[in-house]
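User: Please take a close look at the aromatic rings of this model. I would like their pairing geometry, their burial and any charged groups placed over them to be treated in one connected account.

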Amino acid sequence: MSVRTPYTIKGDTGDWELVMGLEVHAQVASNAKLFSGAATAFGADPNCNVSLVDAAMPGMLPVINRYCVEQAIRTGLGLKAQINHYSRFDRKNYFYPDLPQGYQISQFAHPIVGEGEIEVDVEPAHGGEAYSFPCRIERLHLEQDAGKSIHDMDPNSTYVDLNRSGVALMEIVSRPDVRTPAEAAAYVKKLRAIVIALGTCDGDMEKGNLRADVNVSVCKPGQYEKYRETGDFGHLGTRCEIKNMNSFRFIQQAIEYEARRQIEIIEGGGKVDQETRLFDPNKGETRSMRSKEDAHDYRYFPDPDLLPLEVEEAWIEEIRSTLPELPDEKRARFEADYGLSRYDAGVLTAEAEKAAFFEEVAKGRDAKLAANWVTQELFGYLNKEDLELSESPVSAVDLGGLIELISNDTISGKIAKDVFGRMIAGEGKPADIVEKHGLKQVTDTGAIEKVVDEIIAANPEQVAQVKEKPKTMGWFVGQVMKASGGKANPKAVNDILKAKLGL
């Protein structure tokens, strides 16, 4: 992995740098809501998963869901963060049509999880190399979700669906350690991989079960370093929050637009207003949603209906003992056991499904060859066709079978690509395809030698040239492979040519 390099945006007055912190809302994987027994299943008819507590009926009192607390602790442990033995729920007061109580029960001064840190791997971009950087986690707190306002069912009315009201959310807040659009997407991907591996959130961004608010600000080069030295946010520019991002691509597009918008305002002599903005993917731009409230605007105070949470160390250790293998641990194992590069291991362990698929392909086979076929050929095809791994027309077992045919010299790597294309087209298992189309590799050295002799005899000028410039032997290799229909064993071809040409 290479070193993190500065990312700058050109402005009329010189270079600018980006500074970002993210607030990721992850819906807790739980069958019941945070303070009621109502169901959390997605796709129910409007207002069917609503208890009297969720609807804020008079006299209804919230009761904490122990399992949601356990899931938050498990997530904190996965983030290598401090688990607070004492935490408290507060009321965050604001009005919105889909917030029946007129306040949200959240955690403010005393969150259940404190500071942590994760290592974020960033894929190559803009001609650069892959690298990693540490991102500090400020806190994780539990809170209840609001309902949903529906504006497109009637031109004159807004409908309210309270099915999400009271659903448990974990808000994971980072420090402003993210410096590029690619880093922001990579950070959310890493968090998503962690919570999925832990089983604390399903990570389904399309359903809104994991979404990110991105706080974007710009500053002149050197100002971020001053902030890190002093802890003084005054060295950073005024931030604007881009709300409810549920796509890695949109996260990057929104940041790019917002950064340039802020730079234009500042260079034009204006002042960036702290506000909450929304991203319009159709126009590729952000627009103002509301002015950004400070904490005092919400009039936080301890919720009088809920006692503080006091978590015993024994329970924390019990939860710790059940943690699964996390992405960083899995990546390290892939590097050690399979001999993969950090980058390849990172790509394969970014999602549990990808890691499991690779391990099935590599079982008892050449792991590096398996990694190349999974990350380059298979993932390349799926990305091109915009398919999920679960939709792959080639199974892990069949891809492993193809790799076996390459490893035992039944087919060459070039022929394997033809076989792979036929597998995608649904022609069946790799061995059957090879047999049906007569694609077995020619390993008979006598037959290859005969072809080599014929080509050498027919091209005396090329023979003379290759003796002066040995690198031109590639021409002969190409001719032999062409004459054999691509079936000749490439290693045997090279060895025979070197012997015949005296190289």
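Analyst: The model is predicted, and the search of the whole structure returns 12 aromatic pairs. One of them joins Y298 and Y300 in an edge-to-face arrangement, with 6.0 Å from centre to centre and 70 degrees between the planes. The partners can be placed by their accessibility. Y298 is buried, because its relative accessible area of 11% falls under the 20% cut-off. Y300, at 22% relative accessibility, is counted as partly exposed.

Another edge-to-face pair is formed by W373 and F420, whose centres are 5.7 Å apart and whose planes meet at 70 degrees. W373 belongs to helix α9 (residues 367–385) and F420 to helix α11 (residues 413–424), so this contact ties together parts that are 47 residues apart in sequence. Both partners also have assigned burial states: W373 is buried at a relative accessible area of 6%, and F420 is buried at 5%.

Ring pairs also build a cluster, in which Y94, F108, Y298 and Y300 are linked. The edge-to-face pair of Y298 and Y300 described above thus involves two members of that cluster.

Charged groups over rings complete the account. The charged end of R66 sits over the ring of W315, at 4.1 Å from the ring centre. In the case of R179, the charged end lies over the ring of Y224, 4.1 Å from its centre.

Technical notes. Residues are numbered from 1 along each chain as its sequence is written. This is a predicted model: local features need pLDDT of at least 70, side-chain atom pairs count only at pLDDT 80 or more; totals for chains, interfaces and linings use all residues. Side-chain values use heavy atoms; hydrogens and water are left out. Rings of Phe, Tyr and Trp (its six-membered ring) pair if their centres lie within 6.5 Å; planes under 30 degrees apart count as stacked, over 60 as edge-to-face and the rest as tilted. Buried means under 20% relative accessible area, exposed over 50%, partly exposed in between (1.4 Å probe, protein chains only). Helices (H or I, at least four residues) and strands (E, at least two) are DSSP runs, numbered from the N terminus. A charge sits over a ring if NZ of Lys or CZ of Arg is within 6 Å of the ring centre and within 35 degrees of the ring normal.
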